[in-house]
Amino acid sequence: LVTVREDKILATVGEPMLHCPSFNGGRDWPPASYNPETNIYFVPMINMCQESTPLDQEFTALDTYNVGSVRVLPEGETNAGRIDAIINNAAVLPPSRLLHEVDDAVLHRTFAVNAFGPLYIMARAWPTLVKQGGGGRIVNVSTMSTIDPFPGLSVYAASKAALESWTRSVMSEGRRQAILAFNVVLGAVETAMLRSFVSERELPP
């Protein structure tokens, strides 16, 4: 049984509406988890709210809906709780392409996931981090490709380089509130993503 909330239907161009949780998932997908030994509750940031605004603009192949959206944390301590740490680990690796083969779709998707997504999370969480009295740690997972990229990984490397730059900005702007940020720069890690472009013959396990 599906019930449509008519008061949440986007109807007026330019008029924003808050949806909680966002369209990307509810409170149980993916699940949150609780560690009783440390008394820490882990909540995936996919459970953020989203302020959606209908747009009247030219529709392109890169658009899913003609809607502008801004992710926000739910209001109040009872909904969001305290934020002790944010770990930005999600990434997408586009098919290996040399510089002259890169197109707009690859650029947009790679930077959207690897750079803009973490930035939105850090920016929307910032007021909560400050309001709770400062503190908090932000860990951004990057790659050695920012220093020595494989041929064909220029877009991936550039998106992660942008993420590293934002980490340094967080360190600068968060110093007064004791908000710390770190880049974890990894080499080759045995994952399906690694094997999508490097064979075991080229890089043995």
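This is a chat about a few strands, helices and residues in a predicted model.

User: Hi! What should I know about the model before we start?

Analyst: Welcome! The model is predicted, so local features need pLDDT of at least 70 and side-chain atom pairs count only at pLDDT 80 or more, while totals for chains, interfaces and linings use all residues. Residues are numbered from 1 along each chain as its sequence is written, and side-chain values use heavy atoms, with hydrogens and water left out.

User: Cool. Which strands form the open sheet, and in what order?

Analyst: The order is β6-β7-β8, three strands with parallel pairing. Strands here are DSSP runs of E with at least two residues, helices are runs of H or I with at least four, and both are numbered from the N terminus. Two strands pair if DSSP finds at least two bridges between them.

User: Which strands stand at the edges?

Analyst: β6 (85-88) and β8 do; each has a single partner strand, so one side of each is left without a neighbour in the sheet. The twist from one strand to the next averages 15 degrees. Axes are lines fitted to C-alpha atoms, for helices over the stretch in contact, and angles run from 0 to 180 degrees between N-to-C directions.

User: How many bridges join β6 to β7?

Analyst: Four. Across that pair, asparagine 88 stands opposite asparagine 140 in β7.

User: Is asparagine 140 buried or exposed?

Analyst: Asparagine 140 counts as buried because its relative accessibility is 0%. Buried means under 20% relative accessible area, exposed over 50%, and partly exposed in between (1.4 Å probe, protein chains only).

User: What does its side chain make a polar contact with?

Analyst: The side chain of asparagine 88, at 2.8 Å. A polar contact is a pair of N or O atoms within 3.5 Å; within protein, one must be able to donate a hydrogen and the other to accept it, and residues adjacent in sequence count only if both atoms are side-chain atoms.

User: New topic: how far apart are the end C-alpha atoms of helix α3?

Analyst: They are 30 Å apart, which agrees with the 30 Å that its 21 residues (154-174) should span at 1.5 Å a residue. The expected span is 1.5 Å times one less than the number of residues. Buried residues of α3 include Tyr156, Leu163 and Val170.

User: And where is alanine 178 found?

Analyst: In the loop between α3 and β8 (180-186). Alanine 178 is partly exposed at 40% relative accessible area, and its phi is near 60 degrees, a positive value in a residue other than glycine.

User: Last one: how many residues of strand β4 are buried?

Analyst: Five of the six, so β4 (residues 49-54) is largely enclosed by the rest of the structure. β4 pairs with β1 (residues 17-19) in the antiparallel sense over three bridges.
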